[in-house]
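Trainee: Before I use these labels, could you walk me through what earns each one?
Mentor: Sure, let's take a look.

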Amino acid sequence: MKAILRVIEHDFRNFFRYRWFIVGLIAMNLADLFISAIVFTQMTSIVDYFQFFAPGLVVLGLFASAFMIGREINMEIRREIHHYMLSLPMTRTELAVGRVLAGGLRGMLYMTPLLITTFIVLHRFPTLPQLSLILLSLLLLAIGISGVSISIAVSTTSFEKFVTARGVVYYMFFFCSSVFYPLSIIKVLETKGLWPLVTFAQINPLTNGSDLIRSFLLGPPEYVFSPLMLLNVAIFSGIFAFIATFAYSKILLRH
Amino acid sequence: MGLKKLWLVVERDFRMFIQYKFMLVMRGIWFVSQVALFGLVVNRMVQTAAAEVGISYFQYYVAGVTIITLYSTAMFIGYDIFEEAEHGVFEYLLTLPVSRRELVLGRSIGGGLRSFVYVGPLLLIVLFILGVSNPLYLLVALASLFIFAFGVSGMSITLAVAMKSGDKYDILIGVLDALIVRLSTTMYPIVYMQKAMPAYATVAGFNPLTYASDLFRWGTGVEGYIPINPVMGVLGLFMFFFAFTFVGVVFYERRLEGGSWQ
């Protein structure tokens, strides 16, 4: 446990070294909320887009910041720093688990101000049990995302490939989810024969994460909390945390 | 300045670009996902608004996403510059029998040209979707996009040589991308930006992406009326192209000397 905490501490220190990256992320997230969302609010009468998008933005920010760990691991591989990491007095599994958890926790740290901003701009605050459920689901989501990111980072040797793969994963998860638009509207794709995308959107952990926040902030009839949302995120997290731990400890030795 | 040498530099950048098979395929998938997912779904969400401005949002967005793709592929030359610095290819480039200016100008042209060639097939698909009402207008629009791609490539080189870290460059590109795309008419008509926040519409009025996307829509005939005068749009893109191509050339040329990229 101590070794894992050391790894988490190391990654947290690194996180603050990338302050420019964080500034960049904040700029992108705020641009999405205060430019795109405000303009789209003028264009649609189906939903109050600003209210709808704000919880989605929390998940968006969480995704991007939890994904940062992969960028660092990919850089370590390219600059051969991973040899040093592997030489540390701890087991490969401890190192891998520490990094997956660190990625997730860093995502939580970044997401917290966005979540508070959402509460403030929507003028809606969850109860304590609701807040606990939101934080639990977001933590699980962040660990899963960190796992996806690490799996990609150790499987790609060049920065260009990593950036491209990251882009594809980003867009697949973002656009096929209810982060940007309600699930009821995504279902229009079924009529165009794109039902696999609709199915993916329904099981997408980003859909469940953002709809869970909406269920507590915007409420019924559109958004109703279901324990299945939490279960979905937990399954995603479990699968990718395992894959990343395995991939990090095995694939890294081949480089 | 030897045209043959300039062409050799352009050709090298083309060959480099083709090597990024993985990236090219992925960008294509990204484009398709933008059109087939975001475009179709949001079209459903904003039908009333689209009817108000007289076009389908899907058509509007398809044209916009083409410009975003052109912009992002032209920006890729900056990553090449960082990869070369990281792997020691800069030193090799400096030993080539081409002048610094030929090298730099060639890279700027290569960066723009290759992105235009890459977007070419996507452009054909988009033209098939949108249709063409006036071939002459379309020709003017395509020529403007050509200039736009060179300008973006020059901007990418300028930013890349102004920064020492590839990470910082990646971040800056992300921020710039967030602002330049969102504060343009690639994703939404200017009339809604004006309604949302007049300042956004003002900024969009000076954005080269606005000029490029509005001219492209005008060229295809999908948007009969464009908020900017086409002549002003073309002029704006020319100014953007000249400013960044020449600033990029001067910056890159200076940085090549004395190993300051290291």
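Mentor: Helices here are DSSP runs of H or I with at least four residues, strands are E runs of at least two, and both are numbered from the N terminus. On that basis, chain B reads α-α-α-α-α-α-α-α-α-α-α-α-α along the sequence, with 13 helices and zero strands. This is a predicted model, where local features need pLDDT of at least 70, side-chain atom pairs count only at pLDDT 80 or more, and totals for chains, interfaces and linings use all residues. Residues are numbered from 1 along each chain as its sequence is written, and chains are lettered from A in the order in which they are written.

Trainee: How do you know that the span of helix 12 of chain B agrees with the expected one?
Mentor: The expected span is 1.5 Å times one less than the number of residues. Residues 208–220 make 13, so the helix should span 18 Å, and its end C-alpha atoms are indeed 18 Å apart.

Trainee: What makes helix 12 of chain B "mostly covered"?
Mentor: A residue is buried if 20 or more other C-beta atoms, placed from the backbone, lie within 10 Å of its own (exposed: 12 or fewer; partly exposed: in between). In helix 12 of chain B, 13 of 13 residues are buried; for chain B as a whole, buried residues make up 51% of 262.

Trainee: Why does the radius of gyration of chain B agree with a compact globule?
Mentor: The rule, over C-alpha atoms, is 2.2 Å times the number of residues to the power 0.38. For 262 residues that gives near 18 Å, and chain B has 19 Å, so the two agree.
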